[in-house]
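Please open the sequence and the 3D view side by side before reading on. We will walk through the fold together, one region at a time.

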Amino acid sequence: MKDIFKIGDKKLYNFKVKAQDVAHFDQQAVHDVCATFTLAREIEWASRLFVLEMLEEGEEGIGTHLNIEHRSPALLGNEVDIEAEYIGIKEKEIICKYEARVKGRLVAIGTTGQKILPKEKIAKIFDKLSN
């Protein structure tokens with residue numbers, strides 16, 4: 001793993017909330033707002049932007065935690081800006097905090113963790129679980 005970032009470094013990512021991004025249960029939309037699971041996916045990607053630059057040959061990142069504190073909804077059609085901030089590394093786990101905003105309005109805050117491991121180790125873990 002390449003240790004190339006400083007505490008406080010930031011990555012920016014944005015996405016537009018589309019119809020497929022709202023929560024559907026029993027095939028019915030709940031609200032015309034960004035679903036928590038969609039927000040989670042996009043937040044994880046924003047923090048993974050650090051991981052992608054830190055990987056060395058034969059390594060991969062795997063999520064360890066994701067915390068989402070909702071502050072306001074992102075409506076259908078809104079552009080959501082996610083700013084991930086590098087907090088540091090703890091035992092090969094990259095920790096980030098983030099803010100998600102729509103036109104400056106705070107949508108969510110929280111933290112993410114992604115551990116960098118050899119691909120072979122991840123494959124062995126998955127193989128052991130599938131037996």
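What follows is a tour of the core, the aromatic rings, the charged pairs, a hairpin and one arginine.

Keep in mind throughout that this is a predicted model. A good place to begin is the interior. The largest nonpolar core has 24 residues, and the ones touching the most other members are L39, V80 and I82. Several elements feed into this core: helix 1 (36-54), strand 6 (79-90), strand 7 and strand 8 (105-118) each contribute at least two residues. Helix 1 provides the largest share, six residues. This arrangement sits well with a general tendency: in soluble globular proteins, nonpolar side chains tend to be buried together.

L39 is a helpful residue to centre your view on. Once neighbours within four places in sequence are set aside, L39 is in contact with F15, C34, I68, H70, A100, V107 and A108. Turn the model around L39 and you can pick out each of these partners in turn.

Now let us move to the aromatic rings. Across the whole structure, a search finds three aromatic pairs. One of them joins F5 and F50 edge-to-face, with 4.9 Å from centre to centre and 90° between the planes. This pair links distant parts of the chain, since F5 sits in the segment before strand 1 while F50 belongs to helix 1, 45 residues apart. Are these two rings, F5 and F50, buried or exposed? Both F5 and F50 are buried.

F5 has a further ring partner in Y86; here the pair is tilted, at 5.8 Å centre to centre and 45° between the planes. Because F5 lies in the segment before strand 1 and Y86 in strand 6, this pair ties together parts that are 81 residues apart in sequence. Y86 is buried, as is F5. Taken together, the ring pairs link F5, F50 and Y86 into a cluster.

The charged side chains come next. Side chains of opposite charge can pair when their charged atoms come close. How many salt bridges does a search of the whole structure find? The search finds nine. In one of these, the side chains of K11 and E53 meet at 2.3 Å, N to O. K11 is in strand 1 (residues 10-16) and E53 in helix 1, so the salt bridge ties together parts that are 42 residues apart in sequence. The two ends of this pair fall into separate accessibility classes: K11 has a relative accessible area of 17%, which is under the 20% limit and therefore counts as buried. E53, at 37% relative accessibility, counts as partly exposed.

Another salt bridge joins D21 and K18, whose closest N and O atoms are 3.7 Å apart. D21 is buried, with a relative accessible area of 3%, whereas K18 counts as partly exposed at 39% relative accessibility. This pair also belongs to a wider arrangement, as K18, D21, R41 and E42 are linked in a network of salt bridges.

A little further along the chain is a hairpin. Strand 2 (residues 22-25) and strand 3 (residues 28-34) pair in the antiparallel sense over three bridges. If you would like a register mark, H24 has A29 in strand 3 as its bridge partner. Two residues lie between strand 2 and strand 3 in this hairpin, and D26 in the turn has a positive phi of about 50°.

The last stop is R101, which lies in strand 7 (residues 93-102). R101 counts as partly exposed, at 28% relative accessibility. Which side chain does the side chain of R101 meet in a salt bridge? The partner is E99, at 3.0 Å from N to O, and E99 is itself partly exposed at 31% relative accessibility. The R101 side chain also reaches the backbone oxygen of G104 at 2.6 Å.

Beyond its neighbours within four places in sequence, R101 is in contact with E79, V80, D81, L106 and V107. Two of these names may be familiar: V80 was listed with L39 and I82 as touching the most other core members, and V107 is among the contacts of L39. For a sense of scale, R101 and E57 are 44 residues apart in sequence and 34 Å apart in space, C-alpha to C-alpha.

Notes: Residues numbered from 1 in each chain as written. Predicted model: local features only at pLDDT ≥ 70, side-chain atom pairs only at ≥ 80, totals over all residues. Heavy atoms only, no water. Helix = DSSP H or I, 4+ residues; strand = E, 2+ residues; numbered from the N terminus. Buried < 20%, exposed > 50% of the residue type's maximum accessible area, 1.4 Å probe, protein only. Contact = heavy atoms within 4.5 Å. Polar contact = N/O pair within 3.5 Å; in protein donor to acceptor, adjacent residues only side chain to side chain. Core = buried A, V, L, I, M, F, W, Y, C linked by side-chain atoms within 4.5 Å. Salt bridge = Lys/Arg side-chain N within 4 Å of Asp/Glu carboxyl O. Pairing = 2+ DSSP bridges. Phe/Tyr/Trp six-rings, centres within 6.5 Å; stacked < 30°, edge-to-face > 60°.
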